[in-house]
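Q: I'd like to take a close look at one part of this protein, and then see how the parts around it fit in. Could you walk me through it?

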Amino acid sequence: MTEQIDTVTLWRPVGPQELKLIEKSGMRAFPPRLPEQPIFYPVLSEAYAVQIARDWNVPASGSGFVTRFEVLKGFLDRYRVEHAGSKAHLEYWIPAEDLPEFNKAIVGRIEVTAAFSKDATATD
């Protein structure tokens with residue numbers, strides 16, 4: 001008998017430096033937050049992640065990537081879904097000190113689903 005694990009699919013837009021750190025983890029964890037980054041913001045829709053990667057990460061660092069991953073629903077139940085501007089902009093606000101536990105709640109690997117750069121359009 002196989003046990004069903006309840007997960008939630010989330011996305012996170014990242015720049016090239018963060019992606020390198022994710023790759024160093026074997027695509028299994030997000031890196032610790034910097035002191036000026038007290039909150040980790042995974043988002044609830046791919047469209048919102050694409051918007052951030054394309055419109056914010058590319059101008060800021062030359063490229064942006066969209067990651068997709070599964071997180072145990074039981075872990076996420078501790079947090080509210082937050083509206084960041086519009087009803088389409090939904091995200092979790094995970095305190096930086098909770099990120100190690102968040103990483104342990106990731107089921108499977110973090111996947112890159114899209115990449116954007118100043119010189120190219122999206123790739124899948």
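What is the relative accessible area of Met-27, and does that make the residue buried or exposed?

A: Happily! Please keep in mind that this is a predicted model. Met-27 has a relative accessible area of 10%, and because the limit for a buried residue is under 20%, Met-27 counts as buried. Met-27 belongs to the loop between α1 and β2 (39–40). The backbone deserves a glance too: phi of Met-27 is near 65°, a positive value in a residue other than glycine. Most residues other than glycine have a negative phi.

Let's start our tour of the other parts with helix α1, where Glu-23 is placed. In contrast to the buried loop residue, Glu-23 is partly exposed, with a relative accessible area of 45%. Its C-alpha is 14 Å from that of Thr-113, and the two residues are 90 places apart in sequence.

Now to the interior. The largest nonpolar core has 21 residues, and Phe-30, Phe-69, Val-71 and Phe-102 touch the most other members. At least two residues of this core come from each of β1, α1 (16–24), β3 (63–72), α3 (73–76), α4 (99–104) and β7 (106–117). In soluble globular proteins, nonpolar side chains tend to be buried together.

Two of those core residues are worth following in turn. Leaving out residues up to four places away in sequence, Phe-69 touches a run of residues from Val-8 to Arg-12, along with Phe-30, Pro-42, Phe-102, Ile-106, Arg-109 and Ile-110. Val-71, in strand β3, is buried at 0% relative accessibility. With the sequence neighbours up to four places away again left out, its contacts include Asp-6, Thr-7, Leu-76, Phe-102 and Ala-105. The C-alpha of Val-71 is also 8.8 Å from that of Lys-104, a residue 33 places away along the chain.

Next comes Arg-12, which Phe-69 touches. Arg-12 sits in strand β1 (residues 7–14) and is a buried residue, at a relative accessible area of 7%. Its side chain reaches the backbone oxygen of Tyr-41 at 3.3 Å. Beyond its neighbours within four places in sequence, Arg-12 has contacts that include Glu-18, Phe-30, Arg-33, Phe-40 and Phe-65.

Arg-12 also leads us to the largest pocket, whose volume is about 530 Å³. Of the 21 residues that line this pocket, Arg-12, Glu-18, Arg-33, Gln-37 and Trp-56 are the closest to its centre. Two or more lining residues come from each of β1, α1 and α2 (46–61), and α2 gives the most, with six. By type, the lining is made up of twelve nonpolar, five polar and four charged residues.

A last stop is strand β4 (residues 81–83), where Glu-82 lies. This residue, too, counts as buried, at 14% relative accessibility. Its side chain is joined to that of Arg-80 by a polar contact of 3.0 Å. Setting aside its neighbours within four places in sequence, Glu-82 is in contact with His-89, Leu-90, Glu-91 and Trp-93.

To come back to your starting point, Met-27 is buried, with a positive phi, in the loop that follows α1 and leads to β2.

Notes. Residues numbered from 1 in each chain as written. Predicted model: local features only at pLDDT ≥ 70, side-chain atom pairs only at ≥ 80, totals over all residues. Heavy atoms only, no water. Helix = DSSP H or I, 4+ residues; strand = E, 2+ residues; numbered from the N terminus. Buried < 20%, exposed > 50% of the residue type's maximum accessible area, 1.4 Å probe, protein only. Polar contact = N/O pair within 3.5 Å; in protein donor to acceptor, adjacent residues only side chain to side chain. Contact = heavy atoms within 4.5 Å. Core = buried A, V, L, I, M, F, W, Y, C linked by side-chain atoms within 4.5 Å. 1 Å grid on protein atoms, 1.4 Å probe; cavity = no way out; pocket = protein on both sides within 12 Å on 5 of 7 lines; lining within 4 Å. Points joined across faces, edges and corners; volume = space filled by probe spheres on them. Nonpolar A, V, L, I, M, F, W, Y, C, P; charged D, E, K, R; others polar.
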